[in-house]
Each structure stands twice: as structure tokens, then as C-alpha cells.
Amino acid sequence: MASTGGAEVLVASNRGPVSYDLREDGSLHAKRGGGGLVSGLSAIGPDANAVWVCAALGDGDREAVRRAGGGRLPAGDSGGQQVRMLDIDADVFSDAYNGIANSVLWFVHHMLYQTPLEPVFDAEFRRRWESYQAYNRAFAEALAQEAAEGAVVVIQDYHLALAPRMLRRLRPDLRIGHFSHTPWAPPDYFRLLPDDIAAELLTGILGADHAAFLTRRWADAFVDCCHAVLGPGIPAADPSSGGTRIGVHGLGADADFLRKRSHEPDVDERMRALREEIGGEGTGDARRRTIVRVDRTELSKNIVRGLLAYRQLLEDHPEWRERVVHVAFAYPSRQDLSVYRDYTAEVQRVADEINAAYGTPGWTPVVLHVKDDFARSLAAYRLADVALVNPIRDGMNLVAKEIPVVSDEGCVLVLSREAGAYEELGEDAVVVNPYDIGGTAEALAQALAMPVEERAERCKRLAEAATALPPARWFLEQLEALGG
């Protein structure tokens, strides 16, 4: 397929750097996104001749694509970045995104299945898999059209695992990378997938020159799966002989952005409101302590067990009653899937149960917020005495990295050993088994009782480790691995 676009650097991801709302008067309102990719792409500068290929996610996005004639969107809407948004058929997108990416691949890599009942790989699964193939093919074709001869293409995440191989067939001249933001399942779990699907996913990623992961553990698991499914020589042990090179780039927190943003007026306002909710104002030991968590209600985040561990803390250590508040931000995620709606409801139920059992007129044990508010999250980061990050399994978990960077007085990080961040932060965190309620409760007690000096010193080292590879550097490393 011949190039028509001439871009030298291309990024592909499901969600792009801009989204659109269609207003009642027919006008479109553009909203710029954030995150590591946005920061990273901006690091290469406006003269890099870069294009971001993404999917239209709603009616506003689809209308913007139609008004752009299916080509690139107005650069001003995304801060000067060139964006090609794909209006994939809504049913195909739903099957690919919800039916496969979020209901199968996410569950496999986070090891979330209740195996006596699921998964069931039947005819309906095969039909959805065809949509996942079509979704990936749409990206591969758009990238092939947009890329200049010998361009660098960085494809992101599990939504687009097939795209590298598809793009390679269309444009063998390109330098292609793939980055996985999730964990990678070990072979025994990965092989829950039908053999042909498992092989197609692996060979899809192996279509890239460089396949990268957040930690060495996930990279090793991918290689182990290749050996188990495709054969012991794949990928080649010596990358110089050709084939796919395996890399590790541990995305870090953006310290400059976080520290500046966390001291803006709206954050100060929310800190005052949170302090009122927490109550128990005082100094020294009289001050009420905070255990903070900030998560989306994804099944892998383990919010319910975190609440159960907090309840166990109050039961086993009654001296902390009325002296600590669990500030829990659980922002609803993927509510178009019933299992996520049920999980969000369970989070609310357990929080209410704890407050009913232990609360007093002057103390609400759990302060739960479910409406997404970034400024309020930053306020909680600054107030945290203890940060609870206990996922069942997580590719990295940037919250674990962000809180130590923003914390005003230093916080203790209680961290699951199953988070990718454990690889970098485990030495200075209080580490827990995410399934162990009693162990997590004792870890919270240890964290709350930690001397101020030790807490501050640990937090300083955590912040240094957390910012070792900020988003801009993380993205540039991917380009450098491809000779870009």
C-alpha cells in the first residue's frame, strides 16, 4: 500500500489526544486529553511531522471525522498535533473494544477469570474476534496511508495487538514498535485462549521490530508465552539476527506537571473541603490521619479487599478508631459492562457497611467519592499519610508513583507486590499480598505508626524512583529503540 500522508513519526492508540462533544446547536467542542502519550509526543516538537491515529469513541468524534472528510482533524483542536481519527463501524468497535479487548484480553492479562464458569470461547466469541481483527486492520491501513517511507510507528496496547503484523505486510519499509501497558499473563494462564488465537496475538506483536513492556517481569512473561505457543526459538535469542527486539521502559510520573498542578487554586479549595469531611482537626498525634486511595473501579484494582482490610484494621486496632479516615476515590469505569457496574455497587455497599458499623456522630470512617475530579485527587495526594495501592495485578500503577511526588509531608506507600510499580518502588514501600486481608490490615497499622522521619525519608526515595523515566523520556526511548 502506497503512502499518501508522509508522516515521519506515527502513534496509534484506541484513545487519542482529543475528543469532541456535539452540542445542541450542532457545534463541536474539542477537549484535549492528557497522559503519558500526549506529553511524550509533545516532547519531539512541532516540526517532527508526526501523526496520531486513534478511534472515534462517541457521536461527537464521529461527527468531527465526517466534517473532516475522513482525513486529519484540525490541528488546533489537539494543541497542534496532527490527528487521524477512524470512524469504525459502531458494532465492530463495540465487539472489538468491549467484547474482546476489555472482556477477554484484559481478563487474561490480569488473571481475573472465575475459571469454573468462564471464559467460554464459543461461536459468539469467534464472531467478536472477527471484529477485533477488522478493528486492527482499520488501524493498520490508516497507518500505512499516513506514513512516509521508512517512518517510525509506535503502536500502543492490547487493543492493537494484531496491528503490527498487519502493518508489516502492508508496509515492510516501516520501523514498527508495540508497547503493552498491561501485565502479560504467564503461559499457563495465557493458554486459556484457543491455540490459534493465542498464536495470532503473539505473532501480531512480533510483527513489530521492537516489542516493549513496563517491567522486566511482563517482558519475560511475553517471551515465555512465545516459547510455549510458537516454539523455543521465537523470538530470536539474538535480536541482531533479525526479528523482534524485546524492551522494557518503566513509565514514570511527570514530576514538574504534578507539582505545579497540585498547587493551583482549585486544588487548595478541594483540600479545604476534604479537611472538613475528614474532621478531627488538630496537631501532632491529635491530628486525624488519612489512608488515601485513588482508582477507577476496574476489577483489577482490588478496591473491595482494600476496604475489607481497612475494616479489619479498625477491628484489630481499636486505638485507631476516630483517629483515621479512609479517603477512597473510586471513579466508575467501563459502566457499559454489567460486571463493572456490579463491582462499583459492591464498593459502595462495603463502604456504607463500614460507616454504619463503626461511624460516630463526629467521625465517618470512609469518605468515598465516585465522581471523577482530578483536582480533588491531587488534593488527596497532598493530604495522604498512607497511600493504599493494592491491585490484584497491574501493568504499572501510576498512582503509586504520583502520590509520593505530590505528598506535602511525606506518605507511606502500602503497595501490592503484583503491581508493576513494585519492581521500582518495593524497597521503600510496605509490601502486601493483595489477597491477604489480615496482612494488608497489619501493613496499614505499620504504616500509620511509622515515625515521621522514616516516613519522610522513604517518601523522598520513592519520589526519586517514581520520576526516573518521565513520560517525555519514556516516549523518546521507544523512538530511539527504533532508530527514530
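Here is a short chat about the strands and helices of this predicted model.

Me: Let's start with the open sheet. How many strands form it, and in what order?
Reply: Seven strands form that open sheet, in the order 5-4-1-6-7-8-9, and the pairing is parallel.

Me: Which strands are at the edges?
Reply: Strand 5 (82–86) and strand 9 (245–248) are the edge strands, and each of them pairs on one side only.

Me: And how far are neighbouring strands turned against each other?
Reply: On average by 20°, with direction ignored.

Me: How many bridges join strand 6 to strand 7?
Reply: There are five bridges between strand 6 (residues 147–156) and strand 7 (residues 175–180), and the two run parallel. If you want a spot to click on, Val154 stands opposite Gly177 in strand 7.

Me: Good, found it. Which strands does helix 8 lie across?
Reply: Helix 8 (residues 216–229) lies across strand 8 (210–213) and strand 9. Relative to strand 9, helix 8 runs at about 155°.

Me: What about helix 7 and helix 8, at what angle do their axes cross?
Reply: Roughly 125°, and the axes of helix 7 (residues 195–205) and helix 8 come within 10 Å. Because of that angle, helix 7 counts as oblique to helix 8.

Me: Is that crossing left-handed or right-handed?
Reply: Helix 7 passes helix 8 in a left-handed crossing.

Me: Which residues meet there?
Reply: From helix 7 you have Ala198, Ala199, Leu202 and Ile205. They meet Phe222, Cys225, Cys226 and Val229 in helix 8.

Me: Switching to helix 4 and helix 5. How do their axes cross?
Reply: The axes of helix 4 (residues 123–146) and helix 5 (residues 163–170) come within 8 Å and cross at roughly 45°. That angle makes helix 4 oblique to helix 5. Helix 4 passes helix 5 in a right-handed crossing.

Me: Which residues of helix 5 are met by helix 4?
Reply: Ala163, Met166, Leu167 and Leu170. On the helix 4 side, the residues include Gln133, Arg137, Glu141 and Leu143.

Me: New topic: strand 11. How many of its residues are buried?
Reply: Eight of its eight residues are buried, so to speak a mostly covered strand. Both faces are covered, with Val324, His326, Ala328 and Ala330 on one side and Val325, Val327, Phe329 and Tyr331 on the other.

Me: How is strand 10 joined to strand 11?
Reply: Through eight bridges, with the two strands running parallel. One pair to look at is Val292 and its bridge partner in strand 11, Val327.

Me: And helix 11, how far does it reach?
Reply: Helix 11 (residues 303–316) has 14 residues and reaches 20 Å from its first C-alpha to its last, close to the 20 Å expected at 1.5 Å a residue.

Me: Which of its residues are buried?
Reply: In helix 11 the buried ones are Ile303, Val304, Gly306, Leu307, Ala309, Tyr310, Leu313 and Leu314.

Me: What covers them?
Reply: The cover includes strand 10 (289–296), strand 11 (324–331), helix 12 (338–358) and helix 16 (437–449). Strand 12 (366–369) and strand 13 (386–389) are also among the covering elements.

Me: Last one: where is Arg473?
Reply: Arg473 is in helix 18 (residues 471–481). Its relative accessible area is 31%, so Arg473 is partly exposed.

Me: How far is Arg473 from Gly252?
Reply: In sequence they are 221 residues apart, while in space they are 9.1 Å apart, C-alpha to C-alpha.

Methods. Residues are numbered from 1 along each chain as its sequence is written. This is a predicted model: local features need pLDDT of at least 70, side-chain atom pairs count only at pLDDT 80 or more; totals for chains, interfaces and linings use all residues. Side-chain values use heavy atoms; hydrogens and water are left out. Helices (H or I, at least four residues) and strands (E, at least two) are DSSP runs, numbered from the N terminus. The expected span of a helix is 1.5 Å times one less than its number of residues. Buried means under 20% relative accessible area, exposed over 50%, partly exposed in between (1.4 Å probe, protein chains only). Contact means heavy atoms within 4.5 Å. Two strands pair if DSSP finds at least two bridges between them. Axes are lines fitted to C-alpha atoms, for helices over the stretch in contact, and angles run from 0 to 180 degrees between N-to-C directions. Angles under 35 degrees count as roughly parallel, over 145 as roughly antiparallel, 65 to 115 as roughly perpendicular and the rest as oblique. A crossing is left-handed if the near helix is turned anticlockwise from the far one by less than a right angle, and right-handed if clockwise.
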